[in-house]
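This report describes how two protein chains meet. Please examine the sequence and the structure shown here before reading on.

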There are 2 protein chains.
Amino acid sequence: MPPKRLDAAAPGFEKDFSDFLGRNRDSDENVDRVVADIIADVRARGDQAVVDYTRKFDWPGAELANLRISDAERRSAAAKVPAAQREALAFAAQRIEAFHRALLPQDVDFTDATGTRLGARYRPIDSVGVYVPGGTAAYPSSVLMNIVPAKVAGVARIVMVVPTPGGVLNPLVMLAAEIAGADEVWRIGGAQAVAALAYGTQSVAPVDKITGPGNAYVAAAKRRVFGQVGIDLIAGPSEILVVADGQNDPAWIAADLLSQAEHDASSQSILITDDAAFADRVAAAVETELSVMARADIARASWRDNGCIILVPDLPASAPIVDRIAAEHVELAMEAGPAEALAQRIRHAGAIFIGRHTPEAIGDYVAGTNHVLPTSRAARFSGGLSVADFLKRTSLVTCTPEALAELGPAALALAEAEGLGAHGRSVSIRLNRRG
Amino acid sequence: MPPKRLDAAAPGFEKDFSDFLGRNRDSDENVDRVVADIIADVRARGDQAVVDYTRKFDWPGAELANLRISDAERRSAAAKVPAAQREALAFAAQRIEAFHRALLPQDVDFTDATGTRLGARYRPIDSVGVYVPGGTAAYPSSVLMNIVPAKVAGVARIVMVVPTPGGVLNPLVMLAAEIAGADEVWRIGGAQAVAALAYGTQSVAPVDKITGPGNAYVAAAKRRVFGQVGIDLIAGPSEILVVADGQNDPAWIAADLLSQAEHDASSQSILITDDAAFADRVAAAVETELSVMARADIARASWRDNGCIILVPDLPASAPIVDRIAAEHVELAMEAGPAEALAQRIRHAGAIFIGRHTPEAIGDYVAGTNHVLPTSRAARFSGGLSVADFLKRTSLVTCTPEALAELGPAALALAEAEGLGAHGRSVSIRLNRRG
């Protein structure tokens with residue numbers, strides 16, 4: 001079934017487009033209550049609560065003694081990965097490391113005209129918990145995308161948690177943990193894993209920040225522990241927005257749209273084009289691909305329920321529509337010149353893939369950019385996961401007596417204006433001494 | 001009454017210190033439920049709900065027509081500010097702008113050996129809501145600390161909300177809004193203001209991110225709307241940690257400790273020193289200051305209930321204790337050399353004030369650094385508010401056909417390993433065409 005179609009030149013477009021944007025694909029109705037109870041239980045009963053929930057949700061064989069995956073277990077599982085996949089993971093890790101090194105912020109340190117020395121200093125967070133989804137979808141690439149930037153930032157202790165349904169370790173996930181450099185790996189998941197990382201248990205030392213995608217329970221748990229620990233963005237269903245002219249091979253664009261649709265039925269794939277006949281050819285190509293692809297049921301439901309084709313009068317003018325969608329992934333399938341020009345005009349996107357030869361999936365694995373990106377229009381206010389998520393900044397101020405003499409009177413005036421006498425006193429007592 | 005005293009060399013120190021760190025000064029028992037109801041009501045009834053809550057909590061005279069403060073009202077209120085305070089505010093604004101300009105991140109754009117062009121681009125968030133507390137404590141300095149960095153980042157629409165008990169405008173707050181460049185100012189506050197900013201009403205256009213400190217209701221509301229909009233850190237009660245040698249004037253250090261204690265009874269002031277006699281002199285000086293200062297009741301309760309004096313064998317060795325406290329403000333009251341050396345060793349602090357002539361209050365107003373800083377040990381994972389909070393990053397990837405040929409096979413291998421056929425197909429279909 002073809003998805004929704006909108007025409008930007010049609011009279012009812014604004015209303016239809018607003019309705020489309022307003023549709024909520026997140027599902028978090030009653031999970032918050034359940035999650036609150038799980039967190040409270042883990043805080044109260046520690047290890048035993050974690051074991052109980054793991055038995056209930058993941059595998060009956062869970063015991064305190066086997067929750068932490070030993071280095072030997074990890075190596076033994078990782079050893080099963082074929083050479084080609086091993087090399088691909090190592091290649092991806094190297095590229096992610098190189099790109100994220102380029103994003104390291106620079107410390108600031110200068111002395112201004114008053115003689116006041118001001119600085120900003122970035123230091124790694126001491127310990128980070130990385131949530132890795134398990135079960136049907138196990139993504140070794142996500143292990144790299146979380147842990148490699150943490151390593152580049154210099155985080156000393158990286159604790160990975162991953163649910164292992166039936167107790168079975170995923171060799172690729174274990175290898176990715178090894179390549180990226182996880183310091184501890186625990187076979188726990190869900191809200192109970194988030195609670196254990198945030199508050200600690202008898203066995204799990206608490207961390208300072210938790211990153212990584214997860215289901216609605218994990219997202220709700222991260223939101224709840226925010227403040228006790230830091231968290232990264234709240235990940236929702238994947239999205240791709242392809243802006244394509246009529247000169248593309250419809251099969252290429254269909255594959256791109258389906259590459260996100262296959263993630264989950266709540267994923268979203270949108271095509272923007274200025275060529276109605278091309279849109280028809282892409283829709284037909286999607287049906288062809290769906291008839292042969294492995295995850296057709298998921299992709300079909302996503303395309304039918306959340307997909308959309310938007311016709312625009314001309315592609316250069318599509319930037320405002322692209323910005324309102326503020327998609328996780330934006331692909332610009334056109335010649336290099338127009339693609340680059342349009343990329344310059346787009347303000348809201350997690351990542352932009354430019355030109356006909358840059359399928360979004362390259363960014364999922366080996367481009368070097370991070371694939372943990374803002375979804376559900378969060379690109380309006382947030383970028384993807386990065387090395388900055390694993391650093392924190394400290395401000396530094398040094399006044400000489402002379403600098404304090406220059407700055408002090410204004411500070412004193414404002415402290416008095418705000419009615420904060422002791423603030424003023426801490427300044428004036430030093431000024432008086434000097435004078 | 002003197003506060004708690006701990007001796008790092010005493011046998012029971014570790015337990016006492018852990019207990020001290022574990023004490024929760026935040027109060028958010030039942031506010032979450034109340035806040036959830038207010039947010040739902042504002043989403044359902046829009047303007048009318050905002051008017052109703054403003055009448056109930058702030059002033060009975062609230063009407064839809066007077067919720068937005070007109071430019072004329074703002075100017076008229078601001079005109080009442082005396083020249084000295086006006087100049088002090090302008091001086092502070094200039095210094096905050098200069099420091100935050102130095103923190104602007106640099107875009108990244110390079111082409112690597114495979115011919116893949118990679119980039120990271122920072123762009124301002126379109127619209128930001130700034131929460132400014134009103135009522136008894138009105139802080140024009142906080143207006144500057146939120147809005148000036150947003151302006152430096154290039155945010156196009158800055159919406160300030162401030163509750164005005166009795167409908168009365170604070171001249172200094174209005175002047176600060178004018179100097180900093182707020183685009184809209186609304187006299188609304190509490191969870192209803194946060195909900196209006198996040199979801200919009202008939203009159204208030206929604207924003208993309210909300211920053212600024214507030215009470216427990218505001219903090220709970222920000223946590224709840226996170227995801228719908230971005231938020232900055234969750235601000236808790238203020239803290240100061242002064243590390244001082246015995247050569248300081250006890251009155252100076254007492255004033256510094258009280259400068260945070262006077263904020264709120266739940267604020268926290270801690271002294272670390274290696275000189276027990278000096279500690280006694282500071283404790284005595286605190287009592288002397290308390291006997292004359294304006295906000296003595298608040299400061300006395302804070303010092304008595306949350307204050308602490310920690311004796312250490314030597315100051316250079318105090319860095320690990322400082323890091324475990326991870327205070328919002330750390331003051332190093334000693335000669336420049338030892339202060340600078342200790343500052344280098346401290347990893348967790350919102351801001352560090354170095355040397356005998358740098359009282360923390362300088363950072364509250366005119367140093368140029370931001371005074372919105374992580375509290376409640378959040379300095380472990382977060383820095384203060386900054387220009388980066390008002391920008392977001394987009395990743396950019398451009399592959400030539402040749403670059404795709406180099407990267408494609410590894411992406412294909414990983415897509416297959418993860419069972420994501422359409423991901424692989426979007427790569428292989430392009431590789432095949434080429435070959």
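## Salt bridges and polar contacts

In this predicted model, the side chain of A:Arg380 forms a salt bridge with the side chain of B:Asp208, with 2.7 Å from N to O. Between chain A and chain B, the count of salt bridges is 16. In addition, 58 residue pairs are in polar contact between chain A and chain B, with both residues at pLDDT 80 or more.

Helix α17 of chain A, which spans residues 401–417, supplies the largest share of the side of chain A that touches chain B, namely 11 residues. By residue class, this side of chain A consists of 60 nonpolar, 30 polar and 29 charged residues.

## Extent of the interface

How many residues of each chain are in contact with the other? On chain A there are 119 such residues, and on chain B there are 120.

The size of an interface is often expressed as the accessible area that is lost when the parts come together. For chain A and chain B, the area buried between them is about 10,000 Å², and 58% of it lies on carbon and sulfur atoms. Within chain A, the residues that lose the most area to chain B are A:Tyr365, A:Phe381 and A:Arg430; together they account for 8% of what that side buries.

## Strands paired across the chains

The two chains are also joined through their strands. Strand β13 of chain A (residues 351–354) and strand β14 of chain B (residues 391–398) run parallel and are joined by four bridges. Within this pairing, A:Ile352 has B:Leu396 of β14(B) as its bridge partner.

## Two residues with positive phi

Attention now turns to a loop of chain A. A:Ser376 is located in the loop between α16 (360–365) and β14 (391–398) of chain A. A:Arg377 likewise lies in the loop between α16 and β14 of chain A. The phi angle of A:Ser376 is near 50°, which is a positive value in a residue other than glycine. For A:Arg377, phi is near 70°, again a positive value in a residue other than glycine.

Why does A:Ser376 count as partly exposed? Its relative accessibility is 27%, and the partly exposed class lies between the buried class, under 20%, and the exposed class, over 50%. A:Arg377 has a relative accessible area of 28%, so A:Arg377 is partly exposed.

Definitions and conventions. Residues numbered from 1 in each chain as written. Chains lettered and ligands numbered in written order. Heavy atoms only, no water. Contact = heavy atoms within 4.5 Å. Buried area = accessible area lost by both parts, 1.4 Å probe. Salt bridge = Lys/Arg side-chain N within 4 Å of Asp/Glu carboxyl O. Polar contact = N/O pair within 3.5 Å; in protein donor to acceptor, adjacent residues only side chain to side chain. Nonpolar A, V, L, I, M, F, W, Y, C, P; charged D, E, K, R; others polar. Pairing = 2+ DSSP bridges. Buried < 20%, exposed > 50% of the residue type's maximum accessible area, 1.4 Å probe, protein only.
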